[in-house]
Amino acid sequence: MSIEVVLPDLLTRFNSQTLSSYETLNMVKRSIPKGAPLEVTEILPRLKDGGAFIKFSHSADVSAKDIERQVSEHLEQNPIKPWFSPFQRVRTSLVIGKPWLEDLYRFPSSRVKVEFVPIAPGGEAAELSQETLYSIFRKYGKLAEVSSQPYDSKVLPRFAYLDFARMRHAIMARNCLHGFKVGEELGGGKSGTLLRLSYEKKVKSNWVKDWLVNHPRVVIPAVAALVATFTVAVFDPIRTFFIKAKIDQAFNFKDNVIYKWFRAQATDFLDMARRHRKSEDVSLSAIWDDRKTVVDQLRTWLIETADTFIIVQGPRGSGKKELILDQALKDRKNTLVIDCKPIQEARGDSATISAAAANVGYWPVFSWMNSISSLIDLAAQGTIGVKSGFSETLDSQLAKIWQNTTTALKQVALSHRHKGDKDAQLSEDDWLEAHPECRPVVVIDSFLHKNDESSVVYDKIGEWAATLTTSNIAHVIFLTNDISYSKSLSKALPDRVFRQISLGDITPKVAKKFVITHLDSDDEIPAISDDEKTLTASQKRQDLIELDDCIETLGGRLTDLEFFARRLKTGQTPRRAVAEIIDQSASEILKMYLLTIGKSDLKWSTEQAWYLIKYLAENEKLRYNEVLLSNTFSSSLSPSASSGEAVLEALSAAELISIKTYKGRPQTIHPGRPIYHAAFKMLAEDHVLKSRLDLAILTELTKIETKSIDKYEAELNVLGALPKQPAEVGPRIQYLLGKLAASQVKVEAWEKEMGVLKKVKYNLSRTTCRPR
């Protein structure tokens with residue numbers, strides 16, 4: 001079958017009467033009445049304008065106006081409505097100008113620009129008035145506005161704007177009047193004026209946009225409020241969901257069946273890790289047996305209704321976190337652990353927000369938006385004079401994180417509530433108060449870590465924890481090394497008595513058991529026969545008879561004991577291991593507390609640190625108030641170390657010393673770690689170091705007494721300058737003279753002692769440096 005045969009048949013089938021009736025030619029044919037005195041010569045479709053030009057010829061006895069009138073009457077009687085515009089009929093008008101048939105990218109608009117140009121080059125054109133323009137253009141459609149060119153405008157040619165009510169009217173006027181010559185009788189001047197028409201894009205005035213742009217003081221805070229509302233409505237439920245998942249450990253892959261299967265299959269790869277974990281568990285079991293009473297006390301508190309904090313205080317390395325998480329809260333899922341250390345050590349507000357969000361599972365978090373919002377707020381304040389409200393402070397950001405966490409904790413607590421319970425009719429608050437065992441537990445670890453840098457984070461955490469406890473939403477346990485925790489937490493709960501547990505060093509008996517258990521935990525040598533008993537690692541060693549003396553020196557700090565046990569595993573004898581630990585501790589003390597030249601951020605002086613080291617080497621403890629009353633602490637010349645109590649707290653936070661309390665008040669001062677007592681003795685036995693630092697203390701004491709002498713002498717000079725010496729001044733003069741004499745005696749004694757120390761220091765230096 002050839003194409004020539006098939007194609008005409010397909011075109012005939014497609015060219016149906018219904019579709020062809022709306023084609024341009026058919027519409028033109030239907031628009032012209034039958035018997036009209038005209039002959040169509042050419043049709044020029046204008047798809048861009050939505051119409052067509054029709055060229056026609058007619059006899060001389062019929063005018064073009066008459067033909068226009070007949071066609072218009074025919075369209076009124078027989079309206080033609082295209083399918084794409086069923087509510088508008090076809091209209092026609094007579095072209096009286098010279099239309100410009102262009103194919104440029106100029107599209108119709110309801111505004112038409114009318115330019116007044118001369119008919120001939122070099123001629124003059126008259127600017128038509130608004131009345132004249134209205135009379136010429138009104139017949140093509142309703143005019144909305146006629147705007148003449150400003151009189152002082154120097155733009156040529158002169159022009160005017162015509163705004164039609166509808167675009168189709170503007171199209172008709174532009175195509176019919178473009179190139180129309182306005183004669184003198186219509187106001188076109190003596191030589192006439194030519195009308196040049198073009199579409200002008202109409203700039204629509206948007207009053208809403210203008211109002212928003214012109215009122216930034218109202219708009220910017222309103223936008224900030226809308227953004228905050230959107231954030232709360234959309235992101236807060238998502239964040240609450242992820243916080244709940246972290247509390248319930250919903251995404252903990254270790255509980256997954258598939259993970260457990262793979263873990264069971266990979267026995268060879270995980271054998272070493274299991275053995276290490278087993279050794280830790282076995283060695284710690286000796287400690288938990290000794291602290292079983294503390295664990296039982298914690299578990300009892302967690303099933304009681306008490307709107308207060310549980311505080312576990314102890315020095316670093318005393319096993320606080322292991323005691324709470326591995327024993328008291330073992331196998332308890334609804335537990336949230338917040339570590340304050342990464343939050344406090346974060347640099348910048350964005351990093352702090354990210355660290356706090358990561359601790360509680362707050363996601364998504366846009367911490368980087370805080371910096372951008374601050375820049376926007378700063379720019380808005382510079383332009384409009386007030387803050388926009390986009391940026392948020394660190395306090396408000398942390399408060400938002402804790403608020404979402406509170407919501408999640410409450411939902412977790414209420415998830416144990418069922419409709420069939422006997423107390424289901426109780427309100428949520430009453431139900432939470434009646435069921436303390438269902439509340440989740442919040443463990444706040446490393447509380448008051450580096451508290452001297454900034455307390456904003458800890459203040460917010462304390463306020464949030466107080467809300468949780470007073471609302472019966474959760475139990476809150478604080479783990480801290482700082483003995484001054486009550487100052488910070490009393491701000492949040494001023495009328496409550498805290499439940500406190502103080503963890504110290506373990507007893508020598510438990511410490512010895514811990515070390516031996518640690519040695520025996522990795523011993524897996526099988527027996528040769530059933531009758532033969534295998535000796536453990538501790539039984540094979542003959543040098544463990546030294547263990548009692550070494551543990552007495554080492555103390556009961558878990559970290560030191562574990563370090564000691566690892567040294568024993570490498571084959572060292574107990575005495576050698578302890579000697580190396582003491583030497584290492586002495587080096588750390590010397591570097592961190594005594595050799596502090598160039599460290600201006602320290603809150604203690606070298607003399608104060610040496611004072612404590614020297615006297616703690618002689619005594620296991622010092623009286624707190626006695627140390628405060630000493631001249632080294634009460635009258636220090638260092639500006640950063642002028643407050644004795646602040647110095648002792650700083651040294652306690654730095655773990656050089658530990659302060660024991662009695663009924664809430666500081667009572668005695670001890671070495672920061674038990675091993676430090678031996679390290680202090682080693683440093684005090686170094687005669688070169690001792691003479692140098694004693695000389696520094698005496699030098700400072702001499703300066704202090706010299707200042708006192710100067711003060712006494714100045715007052716005596718004032719009293720001596722009086723013209724008469726009243727009898728009442730006599731006792732005061734005697735008092736000052738006595739103080740002056742006592743201070744002079746002290747200075748002379750210290751000067752003699754300083755001279756001896758200088759000789760000792762010089763002789764020891766010569767002995768040390770003398771070549772052999």
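**Exercise 1. Decide whether E580 is buried, partly exposed or exposed, and find its salt-bridge partner.**

Step 1. In this predicted model, E580 has a relative accessibility of 27% and counts as partly exposed, because buried means under 20% and exposed means over 50%.

Step 2. Turning to the partner, E580 forms a salt bridge with R576, and the closest N and O atoms of this pair are 3.2 Å apart.

Step 3. Both residues belong to helix α24, where E580 and R576 are four residues apart, which means that about one helical turn separates them.

Step 4. A further group can be noted here, since salt bridges that share partners join K48, E102 and R174 into one network.

**Exercise 2. Describe the salt bridge between D66 and R69, and say where in the chain the two residues lie.**

Step 1. The side chains of D66 and R69 meet in a salt bridge, with a distance of 4.0 Å from N to O.

Step 2. The two residues are found in helix α4, which covers residues 64-77, and because D66 and R69 are three residues apart there, they are separated by about one helical turn.

Step 3. For accessibility, D66 has a relative accessible area of 29% and is partly exposed, while R69, with a relative accessible area of 42%, is also partly exposed.

**Exercise 3. Work out which parts of the chain are linked by the salt bridge between R575 and E546.**

Step 1. The side chains of R575 and E546 meet in a salt bridge, at 3.8 Å from N to O.

Step 2. This pair links distant parts of the chain, for R575 lies in helix α24 (residues 574-594), whereas E546 lies in the loop between α21 (537-540) and α22 (547-554), and the two are 29 residues apart.

Step 3. R575 is partly exposed, with a relative accessible area of 47%.

Step 4. To place these examples in the whole model, note that the count of salt bridges comes to 32, when a side-chain nitrogen of Lys or Arg must be within 4 Å of a carboxyl oxygen of Asp or Glu.

**Exercise 4. Describe the surroundings of T405, beginning with its helix and ending with its contacts.**

Step 1. T405 is located in helix α16, which runs over residues 394-414.

Step 2. The relative accessibility of T405 is 0%, so T405 counts as buried.

Step 3. The side chain of T405 reaches the backbone oxygen of I401 at 2.8 Å.

Step 4. When the neighbours within four places in sequence are left aside, T405 is in contact with I243, L336, V360 and W464.

Note on methods:
Residues are numbered from 1 along each chain as its sequence is written. This is a predicted model: local features need pLDDT of at least 70, side-chain atom pairs count only at pLDDT 80 or more; totals for chains, interfaces and linings use all residues. Side-chain values use heavy atoms; hydrogens and water are left out. Buried means under 20% relative accessible area, exposed over 50%, partly exposed in between (1.4 Å probe, protein chains only). A polar contact is a pair of N or O atoms within 3.5 Å; within protein, one must be able to donate a hydrogen and the other to accept it, and residues adjacent in sequence count only if both atoms are side-chain atoms. Contact means heavy atoms within 4.5 Å.
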